[in-house]
Every structure is written in C-alpha cells, then in structure tokens.
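Get your viewer ready and keep the selection panel open. We will go from stop to stop, and at each one you will get something to select and a note on what is there.

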Amino acid sequence: MSEKPRLYQELQDMIDQILDRLGTPTSDFANLFSSMLQMLQYIAIVRRYVDLDQGFMVVDTFEGVANGSSSYIYIENPENSGKVMEIIELSLIGSAKGKVRMYTPDRFTVTSQGSDVEPICLNGNDVQSSMIIRKNGTYNITGNPKGRNIITGGEKSKAIGGELAVAIGLKIRQGKKILIEILNDSGSSADYSFRILWVEYNED
C-alpha cells in the first residue's frame, strides 16, 4: 500500500477535529475555512513527496511558433513503471493568445517522438523521474479533444501575453499518456512556454 492514503487520513482527521469545533460548516466562513484546510492538506502531501525525492518539474519553451501552427507536449507514464504520476501544475504561458487542446491515448498516434525534456528533482538531488516528457514531436490526431481551453494573450500588435493552468490534479497511471496541443491563432508568430510540476508514488 502506498504512503499517500495514510497521509491523507492523518490530515483529514486533523481537519475533522477543527470542523467539529466550528460546528456544521453551513456558514460562508465555515465553508471557506474548510476549503482552505483542504488546500493545506494537499500542499502538505506534495511537500512530503518533494522531501522524499518524488517531486519533479520540467520547464521549456516553443520559440517563434508560426500563426496557424501547433506545438505539442507529450506526457507518458511508461508500462511497468510501478508509479502513479499526479500532476500538481501544468501551466502554459504565451506571448500572444492560443488555443489549448488535450488528447487521451485513443485520440492520437505518434508519428515522430520529438525531443526529451529532462525533469528536475524538486528536492535538488540527482534523482531520475520515471516519466517521459517530450516536445516537438509530430502526431496524427484521430479524434476530438478531451478538453479545450485558451491562452488569453491578445493578437498581432495588441499581443500582451497570458497564462493558463490546466490538468491540475490529473493522475496518469502506468501505461497511460496524454498529449497537449498549443495552437497559435494570434495572427502572428509567438513564443510559448510550459511548466509541469508533479509527484510520483507507488501504484497501490
């Protein structure tokens, strides 16, 4: 059994004790307080995995993406990794606006793999992640996106840049993968960057 359920339970017990003192959380304050405690619970668990060298990050860019062109971020949890990848943050930043689409494995095939993006251990140690992150690959899209969003950053001479956070809390189990597409529809070339933070823990 993984360590995560135990950590959740310990923090949940603490939250329940505090809420018992507040009474039934029917007021706006109690509901807000409960939400804040849930967030603190999540942060504490993430910090625990970072301390155990199980937290990672990648940061990279797509430069000079032509108007009407797409760039792709490929994320894979390999077969037999024995790990669950839980994405804490996947943020996209553009110097202009763009459309963001997310595809599950049944909706794309890989034509060329592209280049690996090397993860950094968030605890500062020389520890390798089990996950595969790639960019600049080519893909055959065979179905509609599972999710859609936009980077609101303006267009042409009025481009001011924007940021978008997607896929927070998404779990990718071993043997699974996802594809993120960024389509530049700003009317001019633009730069985009991405940051992915995740923890990985043993599959139950």
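Select Asn 136 first: with a relative accessibility of 47% it counts as partly exposed, the class between buried (under 20% relative accessible area) and exposed (over 50%), taken with a 1.4 Å probe on protein chains only. You will find Asn 136 in the loop between β8 (132-135) and β9 (138-141). Strand names here follow DSSP runs (E, at least two residues; helices are H or I, at least four), numbered from the N terminus. Check the backbone too: the phi of Asn 136 is positive, near 65°, in a residue other than glycine. Most residues other than glycine have a negative phi.

Before you move on, note that this is a predicted model: local features need pLDDT of at least 70, side-chain atom pairs count only at pLDDT 80 or more, and totals for chains, interfaces and linings use all residues. Residues are numbered from 1 along each chain as its sequence is written, and side-chain values use heavy atoms, with hydrogens and water left out.

Now jump to Asn 80, in the loop between β2 and β3. Asn 80 is not a glycine, yet its phi is positive, about 65°. Is Asn 80 buried or exposed? At 73% relative accessibility, it counts as exposed.

**The open sheet**

Switch to a cartoon view and colour six strands in the order β6-β8-β2-β13-β4-β10, which make an open sheet with antiparallel pairing. Two strands are called paired if DSSP finds at least two bridges between them. Strands of a sheet pair through backbone hydrogen bonds, either parallel or antiparallel. At the edges sit β6 (115-116) and β10 (147-151), each pairing on one side only. Next, isolate β2 and β13, whose antiparallel pairing runs over eight bridges. Put labels on Asn 77 and on Lys 176 in β13, which stands opposite Asn 77.

**Salt bridges**

How many salt bridges does the structure hold? It holds seven, counting a side-chain nitrogen of Lys or Arg within 4 Å of a carboxyl oxygen of Asp or Glu.

Select Lys 135 and Asp 60, whose side chains meet in a salt bridge at 2.9 Å, N to O. This pair links distant parts of the chain, with Lys 135 in strand β8 and Asp 60 in strand β1, 75 residues apart. Lys 135 is buried, at 13% relative accessible area, while Asp 60 is partly exposed at 21%. Keep Lys 135 selected and add Phe 62: the charged end of Lys 135 sits over the ring of Phe 62, 5.7 Å from its centre. For that label, NZ of Lys or CZ of Arg must be within 6 Å of the ring centre and within 35 degrees of the ring normal.

Go on to Arg 134 and Asp 116, another salt bridge, with the closest N and O atoms 2.9 Å apart. Arg 134 lies in strand β8 and Asp 116 in strand β6, so the pair ties together parts that are 18 residues apart in sequence. Arg 134 is buried, with a relative accessible area of 13%, whereas Asp 116 counts as exposed at 57%.

For a further salt bridge, pick Asp 106 and Arg 107, where the closest N and O atoms are 3.6 Å apart. Asp 106 is exposed, at 56%, and Arg 107 is partly exposed, at 22%.

**Aromatic rings**

Show Tyr 72, Tyr 74, Phe 108 and Tyr 139 as sticks, since you will want to view them together: they form one aromatic cluster. The whole structure has seven aromatic pairs, meaning rings of Phe, Tyr and Trp (its six-membered ring) with centres within 6.5 Å; planes under 30 degrees apart count as stacked, over 60 as edge-to-face and the rest as tilted. Zoom in on Tyr 74 and Phe 108, an edge-to-face pair at 6.3 Å centre to centre with 85° between the planes. Both Tyr 74 and Phe 108 are buried.

**The nonpolar core**

Finish with Ile 73, Ile 75, Leu 92, Ile 133 and Ile 196, which touch the most other members of the 27-residue largest nonpolar core. Such a core is a set of buried Ala, Val, Leu, Ile, Met, Phe, Trp, Tyr and Cys residues joined through side-chain atoms within 4.5 Å. Its largest share, five residues, comes from β14.
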